[in-house]
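Look first at how the helices pack, and at the space left among them. The model shown here is predicted.

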Amino acid sequence: MTIEDNPARPQGTLRRSLTLGPLLFYGLAVIVGAGVYVAIASVIDRAGAMAPLSFLLAGIAAAMTGLCYAELASRFPEASGAAAYVKEGFGSDRIAQLTGAALTLAVAISAASIASGAIHYLSLLVPLPPAALITLLVVGFTLLAMAGVRESAGFAAIIGAVEILGLVVAGGAGFLAAPAFDVAAMLPSDFAALQGVAAGAFIAFFAYIGFESLANMAEEAKEPHRTIPYSIVGAVVISTVLYVAVAAAVVFAGRGGESPLIDLFSGSQVTLFALVGALAIANGVLVEIMMLARLFYGMARRQQLPAVLGRVHPRTRVPIEATALAGGIVLAAALLVPFERLLAVANALTLGIFAVVDIALWRIQRQRPAGKNVFAVPHWVPPAAALLAIALILAEAVP
């Protein structure tokens, strides 16, 4: 079930206004923004000097599943994303609803962890209690998400450019501060080191969460069969290159601890980079709220959630009720769940959902050949992507 781009669009549908450029920067904004600013310290703590390899491994896993999402979004350009793909792959509304529930939990926890992680940067700029900062952040971005997709996605894309510039500057500062470039130290020398790389990759994968949100924008994209796949693949590839370079710069510079990126700067530069970091992380909250709202909207259109969540405001063409619910869930998770638990749970849930989506595509490919205008991937990609996702979960679960 897809929703066609009809000029005589009825009141209950979304507006197609996003092209490849804004979608690519939108994807980069959510991938690059929160993940690396929040997760890099934990990755270095687990993998040490081999942190760049952890980001590379996580990037490969993200790229494999990203290719699966690219084909699925090309086949089924719907706002409900993973829930629609699982329904098409397994033919079960119940499995689709369970996937939607798991995705709701994963996105809410991911957004909550991003909001909690932002406090480390925001506290350097605004002297307010953490709970107040989180509330202002989530409520503010929920209201922005209600303003309109062009406005909110455009804002996310602009902040995404600032995020990328901040990481480029941080990487440059790291390379300049490096006393030496010991590449050999980045290579694992024994099985224990490999375990460290895998454990780091599990956390590093958090830095890639968000590319799947592009699939949820399919009903608001022009030429979704082309723009969504290209933006997904492009965003994952660019972010992987950037992450590996920045992680290498931090390792070469000998930085670690709770704030390895901030530690690359001194004096007034710390405040400026804290502002960039706060914007980067906060931007991730906006995109996750938008994604969750589109998931609710799409599932309501498929009659898998109450119909009220499928209503669209006649002027802004935004699902207001779905967006308000998404913001409320994110705020509750951010205020009630400790940050340390948020990161691991968000990763495990997301990887599990990705594995199910990958298998769904594998089943669809065997049952229905791709059409002429569909972005298609080789048949070995979906099972390989599922195995990689499961392997990362096992790397964390098995001591």
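How many nonpolar, polar and charged residues are in the lining of the second largest pocket? By class, the lining has 7 nonpolar residues, 2 polar residues and no charged ones. The space in this pocket comes to about 150 Å³. Two elements give two or more residues to its lining: helix H6 (149–177) and helix H9 (268–301). The lining residues include Val 162, Leu 165, Gly 166 and Val 169. Phe 265, Gln 269, Leu 272, Phe 273 and Val 276 also line the pocket.

Now turn to helix packing. Two packed helices are described by the angle between their axes and the distance between the axes. Start with helix H2 (residues 51–75) and helix H7 (residues 191–204). Their axes are 8 Å apart, and the packing angle is about 60 degrees. Angles of 65 to 115 degrees count as roughly perpendicular. The angle of about 60 degrees makes H2 oblique to H7. The crossing of these two helices is right-handed.

Which residues of H2 and H7 meet? On the H2 side they are Leu 53, Ser 54, Phe 55, Leu 57 and Ala 58. On the H7 side they are Gly 196, Val 197, Ala 198, Gly 200, Ala 201 and Ala 204. Sorted by class, this contact has 8 nonpolar and 3 polar residues, with no charged residues.

H2 also packs with helix H8 (residues 224–252). Here the angle is about 175 degrees, and the axes lie 9 Å apart. Angles over 145 degrees count as roughly antiparallel. H2 and H8 are therefore roughly antiparallel to each other. Their contact has 20 nonpolar and 5 polar residues, and again no charged residues.

Follow H7 next to helix H12 (residues 381–397). These two pack at about 115 degrees, with axes 9 Å apart. That makes H7 roughly perpendicular to H12. H7 passes H12 in a left-handed crossing. From H7, the contact uses Ala 198, Ala 201 and Phe 202. From H12, Leu 392, Ile 393, Ala 395 and Glu 396 take part. The contact divides into 6 nonpolar residues, no polar residues and 1 charged residue. Two H7 residues come up in both of its contacts described here: Ala 198 and Ala 201 meet H2 and also belong to the contact with H12.

Notes:
Residues numbered from 1 in each chain as written. Predicted model: local features only at pLDDT ≥ 70, side-chain atom pairs only at ≥ 80, totals over all residues. Heavy atoms only, no water. 1 Å grid on protein atoms, 1.4 Å probe; cavity = no way out; pocket = protein on both sides within 12 Å on 5 of 7 lines; lining within 4 Å. Points joined across faces, edges and corners; volume = space filled by probe spheres on them. Helix = DSSP H or I, 4+ residues; strand = E, 2+ residues; numbered from the N terminus. Nonpolar A, V, L, I, M, F, W, Y, C, P; charged D, E, K, R; others polar. Axes fitted to C-alpha atoms, helices over the stretch in contact; angles between N-to-C directions. Parallel < 35°, antiparallel > 145°, perpendicular 65-115°, else oblique. Left-handed = near helix turned anticlockwise from the far one by under 90°. Contact = heavy atoms within 4.5 Å.
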